[in-house]
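Visitor: I work at the bench, and I like to know what stands behind the words people use for a model. Could you take me through this one, term by term?

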Amino acid sequence: MKKEYFGIHVPFIAHLGVEAQEISEGEVEAILELKDHHLNPMGFSHGGILMTLMDFAMAMSAKSKAKHHGAGLTIDMSVAFMKGGQEKLIVRGKVLRSGKSIHFCEATITDITGEMVAKAMGTFKLVDVKK
C-alpha cells in the first residue's frame, strides 16, 4: 500500500519516514523522527533533510490553499540554518500570498528542544500532472 501525504503519494518523502500531522487551508505540519541515516557526521540533522522537509511543507501548504490535486514545483527557495536538529523534527509550512498558480510560502522546523532549527521562504508553481 502506498503511503499518502495530504492525499497524494510522494515516494521520496515516504522513504524518509515523514509522518503527516495536520493540514488546513494554506498550512501543514509534519514530523520526522530522526534515524542514523538522517544525520550529518556531527550527529545532527543533515541540511539536505531540513531543506527537503521545508520544501515538502511549503508545496503541500500551497496545494492545500488552492485545493490543487496536481504537483507543486519549487521555483525558488532560500534557507537559514540556525542549529543542528535533534531526535524529532517538526516542520510547519504556511502560504503567505497566493496568485492563480504562483504561491509564496514559508516553513519552519523545530526539534525536540522546541528551538528553531531552520527557516525557509519559497515560491511554488502548481501544475497538473499528465499521466
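Guide: Gladly, and let us begin with exposure: a residue is buried under 20% relative accessible area, exposed over 50%, and partly exposed in between, using a 1.4 Å probe and protein chains only. Please keep in mind that this is a predicted model, in which local features need pLDDT of at least 70 and side-chain atom pairs count only at pLDDT 80 or more, while totals for chains, interfaces and linings use all residues. Residues are numbered from 1 along each chain as its sequence is written, and side-chain values use heavy atoms, with hydrogens and water left out.

Visitor: Why does Ala66 count as partly exposed?

Guide: Its relative accessibility is 36%, which falls between the two cut-offs, so Ala66 is partly exposed. Ala66 is found in helix α2. Helices here are DSSP runs of H or I with at least four residues, strands are runs of E with at least two, and both are numbered from the N terminus.

Visitor: What does Ala66 touch, leaving aside its neighbours within four places in sequence?

Guide: Contact means heavy atoms within 4.5 Å, and by that rule Ala66 is in contact with His103 and Leu126. The C-alpha atoms of Ala66 and Gly26 are separated by 7.8 Å, although these residues are 40 apart along the chain.

Visitor: How do you know that the span of α2 agrees with what is expected?

Guide: The expected span of a helix is 1.5 Å times one less than its number of residues. For the 20 residues of α2 that gives 28 Å, and the end C-alpha atoms are 29 Å apart, so the two agree.

Visitor: What makes α2 largely enclosed by the rest of the structure?

Guide: Of its 20 residues, 14 are buried, so the description holds.

Visitor: Which residue follows α2, and what is its phi?

Guide: Lys67 comes after α2, in the loop between α2 and β5. Lys67 has a positive phi of about 55° although it is not a glycine.

Visitor: Why is Lys67 called exposed?

Guide: Its relative accessible area is 57%, and the cut-off is over 50%, so Lys67 is exposed. Glu87 can be judged by that rule too: at 54% relative accessibility, Glu87 counts as exposed. Glu87 lies in the loop between β5 and β6 and has a positive phi of about 65°, although it is not a glycine.

Visitor: What about Gln86, in the loop between β5 and β6?

Guide: Gln86 has 31% relative accessibility, so it counts as partly exposed. Not counting residues up to four places away in sequence, Gln86 touches Leu34, Phe44, Asp111, Ile112 and Thr113.

Visitor: Why is Cys105 called buried?

Guide: At 1% relative accessibility, Cys105 is under the 20% cut-off, so it counts as buried. Cys105 lies in strand β7, and the residues it touches include Met58, Ser61, Val95 and Phe124. The C-alpha atoms of Cys105 and Val95 are 4.3 Å apart, with their positions 10 residues apart in sequence. In strand β4, Val28 is likewise buried, with a relative accessible area of 5%.

Visitor: What makes a group of residues a nonpolar core?

Guide: They are buried Ala, Val, Leu, Ile, Met, Phe, Trp, Tyr and Cys residues joined through side-chain atoms within 4.5 Å. The largest nonpolar core has 29 residues, of which Val18, Leu53, Met54 and Ile109 touch the most other members. Its largest share, 10 residues, comes from α2.

Visitor: And what makes a space a pocket?

Guide: On a 1 Å grid over the protein atoms alone, a pocket is an open set of points where a 1.4 Å probe fits, with protein on both sides within 12 Å along at least five of seven lines; lining residues have an atom within 4 Å of a point. The largest pocket is lined by 19 residues, of which Ile8, Val10, Met60, Ala71 and Gly72 lie nearest its centre. Helix α2 gives the most to this lining, with six residues.

Visitor: How much space lies in the largest pocket?

Guide: About 350 Å³, where a volume is the space filled by probe spheres set on the grid points, which are joined across faces, edges and corners.
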